[in-house]
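Let's take a walk through this one together. Have the sequence and the 3D view open side by side as you read.

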Amino acid sequence: MAKILILLAHPALERSRVHKRMVSAVKNMDHVTLHDLYELYPNFDIQIPREQDLLLAHDIIILQHPMYWYSGPALLKQWLDLVLEHGWAYGMKGTALRGKWLMSAISTGGPEAAYTLEGHHQHTLKQFMLPYEQTAKLCNMHYLPPAAITGAHKLDDTAIQQKALQYRALLERLRDEPLDLQQAAQLPNLMELIQLPQA
Ligand SMILES: Cc1cc2nc3c(=O)[nH]c(=O)nc-3n(C[C@H](O)[C@H](O)[C@H](O)COP(=O)(O)O)c2cc1C
């Protein structure tokens with residue numbers, strides 16, 4: 001079984017509709033560690049050795065967050081800036097993360113159709129995730145397409161709960177079965193690996 005680390009970055013989880021349910025769906029899973037960055041580091045004072053030890057102890061790293069200005073919330077950037085040190089995560093002697101997997105689990109206000117070349121945002125979600133993809137590559141990690149819940153504002157509670165269960169099923173799949181990376185890389189949204197019966 002792979003060990004999964006979820007780095008949760010939501011600055012207002014108490015007001016969240018999507019991530020609150022995603023967290024409830026996955027928080028008691030075996031081999032899944034939920035690490036709430038805003039709860040731990042409200043002053044952005046990240047403990048680098050602690051974070052690096054956590055990364056070493058897991059195989060699959062998930063950056064879970066709402067999309068903010070086509071990227072992640074500020075604390076996630078701070079985390080990347082501080083934790084992925086030269087000589088540790090990248091560079092000639094930086095091999096600590098080699099062979100691990102990185103993916104993003106995001107929610108967006110914009111609907112799926114807006115994240116197309118012809119759509120309102122003129123780029124796909126995968127394209128917006130490019131800095132994360134290249135960060136993974138620089139650290140010799142395997143990169144997976146984002147698992148995305150789109151159109152958050154228009155989803156009712158039942159639909160959000162369904163998506164949260166789909167997210168849990170995705171994590172079970174990633175934890176329990178080896179993944180064909182080339183096949184997975186073709187998907188625009190990793191959630192498509194899991195089909196749940198309609199509610
Ligand atoms: C500061 C800020 C920036 C945002 N930027 C984007 C964006 O670039 N694209 C988008 O689709 N939604 C954007 N949104 C909407 C959030 O992604 C959406 O509210 C969130 O995914 C819903 O998840 P939650 O219920 O867990 O908070 C933004 C929201 C905020 C507050």
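We'll start at the ligand, move on to a helix, and end at a residue further along the chain. Keep in mind that this is a predicted model.

Start with the ligand. It is surrounded by 17 residues, and the closest are S16, R17, M67, S107 and Y115. Sort that shell by character and you get 8 nonpolar residues, 8 polar ones and 1 charged. The protein backbone takes part too: a backbone N or O atom of V18 sits 3.0 Å from a ligand oxygen, while a polar backbone atom of G110 is 2.9 Å from an oxygen of the ligand. With W69, a backbone N or O atom lies 2.9 Å from a nitrogen atom of the ligand. On its own the ligand would expose 640 Å², and the protein buries 74% of that.

V18 makes a handy bridge to the next stop, helix α1, which covers residues 18–26. Buried in this helix are V18, H19, M22, V23, A25 and V26. They end up on the same side of α1 because they cover an arc of only 160 degrees around the axis. And what do the buried residues of α1 pack against? Their partners are the strands β1 (4–8), β2 (32–36), β3 (60–66), β4 (101–107) and β6 (147–149), along with helix α7 (157–176).

Now jump to A185, which belongs to helix α8 (residues 181–185). Is A185 buried or partly exposed? Its relative accessibility is 33%, so it counts as partly exposed. Setting aside neighbours within four places in sequence, A185 contacts K126 and P145. A185 and P145 are 40 residues apart along the chain, yet their C-alpha atoms are separated by 6.0 Å.

Key:
Residues numbered from 1 in each chain as written. Predicted model: local features only at pLDDT ≥ 70, side-chain atom pairs only at ≥ 80, totals over all residues. Heavy atoms only, no water. Near = heavy atom within 4 Å. Polar contact = N/O pair within 3.5 Å; in protein donor to acceptor, adjacent residues only side chain to side chain. Areas by Shrake-Rupley, 256 points an atom, 1.4 Å probe, with all protein chains shown as cover. Nonpolar A, V, L, I, M, F, W, Y, C, P; charged D, E, K, R; others polar. Buried < 20%, exposed > 50% of the residue type's maximum accessible area, 1.4 Å probe, protein only. Helix = DSSP H or I, 4+ residues; strand = E, 2+ residues; numbered from the N terminus. Arc of directions from axis to C-beta. Contact = heavy atoms within 4.5 Å.
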